[in-house]
Amino acid sequence: MNYLDELNESQKQAVLATEGPVMIVAGAGSGKTRVLTYRVAHLMQKGVDAFNILSLTFTNKAAKAMKERITKIVGGAESRNLWMGTFHSVFARILRAEAEKIGYPTNFTIYDTEDSKGLIKDILKELNLDEKVYKPGLVYNRISAAKNNLISATSYRNNTQAQEEDKSSGKPLIGNIYERYAKRCFKASAMDFDDLLFNTNVLLRDFPEVLLKYQERFKYILVDEYQDTNFSQYVIIKQLAARYENICVVGDDAQSIYAFRGANIQNILNFEKDYPDLKTFKLEQNYRSTKNIVNAANSVIANNKEQLQKLVWTENDSGDRIKLMRALTDNEEGYLVANSIFEIKMQNQTHNKSFAILYRTNAQSRAMEEALRRLNIPYKIYGGLSFYQRKEIKDILAYCRLSINNHDEESLKRIINYPARGIGDTTIQKIMLAATDHDVSIWTILDNINDFTLEINSGTKSKLDAFITLIKNFSAAAITKGAYEVGEYIANASGILKEFYTDRTPEGVSRYENIQELLNGMKEFSEEEEPEVGSQENEVASEKNEVESEELEERSAKLEERSQETEAGSATLEARSQELEVGSENQEPRTKNQEPRTKKQLAEFMQDIALLTDADKEEDDTEKDRVSLMTIHAAKGLEFPYVFVVGMEENLFPSQLSLNSRSDLEEERRLFYVALTRAEKKITLSFSLTRYRWGNLINCEPSRFIEEIEQKYLEAPSAPQHDQERTTQRDPGFTKFKSKQPQANNPAHPILKKNLVKVSTARNTNFDPESLKDLQVGMQVEHEKFGTGQVTNMEGIYPNNKATVVFDKAGQKQLLLKFARLKILN
DNA sequence: GTGTAATGCTATTGG
DNA sequence: AGCATTACAC
């Protein structure tokens, strides 16, 4: 109970300073979560009502974990009323409650990135713009950036800077696209991820009474990972906190890694200016990692210019030094990593879950997977294609979405002819054109097809009619039945299940199983009764009461009025009003004896999963003891005893795209800092000398970040046993490849040099890099593997100089001379 | 309109 | 290499 005793002095102060603006600068592993948890618990023990506390986290999982910890201190009855979640999920819920104020229905759809890009593609077609010039992804990023800076479509077009930028990049019409995009989203009753924040800002800006309500509601606000918030999020927080100014932000500027998607490090650096009476606390003692790890990470981040002063230190043991591994190919890198894991497991009796393999890009996971599979080491990949992004799942979900919101155009487009029902592209184009012309949604056209003059023959019309009827049936079912029943109905009646039922190929079977898994998820969801204390669902329910009940009557009346509009409209709207009733029912304390509650509905299920990511998913028992594979970004906030950071190569990490500006490179370095500080006991870094990219082999050189680690924190290099065996067996060239690293290696880079030299002396051969110092363009050379060729270009400075060689058989390659072991022929 | 073969583009990072 | 879009034959 005396939780304060478990805190060090600065942690304790950070917990006790409950009133007024507070900034906690929390170094990696400094017990940040503990402070946040205890701070909330402390507030509650001081008598603050849980309803008045809002806590924003980076992932839903983090919110859930924190809530569980708080529950242990204050008990579930209290903690259940806390608002905790990500910006997106918390404000999506508020938006649903307040939707009609900004002209949206409560059942609005959330578009994911794929939906957004699909919509942009449509708009490009309408405007006759070239997809190669206006790449949908880039256009999307541009619109996203605008929204995150609270620039609406209209102000974008009036914004001279934005217009200039677009003009000079050869894409002057992005403003027009943005405008159409926003209109189309609105017409479809859809919001993209950025709209959830943008529209929250609109809501709070234009409706002072709403702002006041939530200011009163959230008297205490906590924001985790504040360094990764963007301007839009910043303004929301600032507005909500304006009345009581009980705002506590926690962050670490050294771990800011989301600038690429609009996060603004200035938010944390400027916090002082916003709140002059700010109290700042620094958490600098690291409890997670060994001295070697903490110090190595410090030595890396010291290379950044922009940072808040702080000194992270630890009382932990020195621990092992950082190990470096070098591979010839990406596959071998996987092999080395898998083997190291195997050895550590054997030596220390360690669980699989103690290991993480971190990489810069998702594409790197493949080599790791293969190697782990060969050694029978169970693993789990986070990120990449999530369950909900699989085609067959998205197809079913598209039906679900369309049933809940008939105006959801992206879902409609996806399934209007899937499974094939004879409604082809031309028909769809005609309908979409009519929708744009009449400024209504596609559904409205379809549902009133005879009111519009369309050149569609009667055969096609009856097909469209059948489709409309099908969806209307689903919409009706979505009201009267539980989520699972509707899901099953949709899977069957849509014909999707049948598509795979007959398919006996492994892919077909797997798809069928995936759909079953989705349905199982719905079943579990819809039969959920009293949610566990402290769980997410509980939170949703309690919020709903609070927010929605007060307006329930008024809104039900409005809904009824509006439901006269169209038949289909009435279906969904009724669904909503019924849901609201469910909400009000929740308000009374439920007991087991009460009459059975309606099964949870599809609409609720869809809201639940819309903002879930892989990281949020529950793991079942068989999934618990596995090696984790993920990008470094995804590893933020996590910790593992043993961490492997792979692909430590120039142009990969740091990414090639980051090399143009100092700030981008600094972000990469912070990313590396994040990677290093995930580890508790031991870090292993690996790089490969070659790697496949777009199907062909490229040469790589070790990352500059390796050299930035102070040498004394690196393990004295030695060639691992398996390395040697394998090389000699499988690739005779490998030994030679590694041999004789340039003695004249840059003395400014002693780490690499020492490492490489030492390995080389173990197995020397007769290659002398000195022999290449006269190499020039035009010379004929020979390579162990690629054969003979001619040098066409030389670049770089010795010893990191590279030659471009056109080989007679192997084609053009870029080779780093110190590794390539070229022989001059003439 | 439907299904398959050929082409072409791509891979930061993510809610 | 893998995926998506396009081109072409039915």
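**View 1. Thr-631 meets the backbone of DNA strand B.** An N or O atom in the side chain of Thr-631 sits 2.6 Å from a phosphate oxygen of DNA strand B, a polar contact (a pair of N or O atoms within 3.5 Å). Gly-422 also reaches a phosphate oxygen of this strand, with a polar backbone atom at 2.8 Å. His-633 goes for a base oxygen instead, its polar side-chain atom lying 3.3 Å away. This is a predicted model, with local features needing pLDDT of at least 70 and side-chain atom pairs pLDDT 80 or more, while totals for chains, interfaces and linings use all residues. Residues count from 1 along each chain as its sequence is written, chains are lettered from A in the order written, and side-chain values use heavy atoms, leaving out hydrogens and water.

**View 2. What surrounds DNA strand B.** In total, 25 residues surround this strand (near means a heavy atom within 4 Å). Sugar and phosphate make up 49% of the strand B atoms that come within 4 Å of the protein.

**View 3. DNA strand C.** Around this strand are Lys-121, Arg-366 and Trp-694. A polar side-chain atom of Lys-121 lies 3.2 Å from one of the phosphate oxygens of strand C.

**View 4. Two aromatic pairs.** The model holds 21 aromatic pairs (ring centres within 6.5 Å; planes under 30 degrees apart are stacked, over 60 edge-to-face, the rest tilted). Tyr-399 and Phe-474 have ring centres 6.1 Å apart and planes at 80 degrees, so they pair edge-to-face. Phe-672 and Phe-705 are stacked, because their centres lie 5.4 Å apart with planes at 10 degrees.

Methods:
Polar contact = N/O pair within 3.5 Å; in protein donor to acceptor, adjacent residues only side chain to side chain. Phe/Tyr/Trp six-rings, centres within 6.5 Å; stacked < 30°, edge-to-face > 60°.
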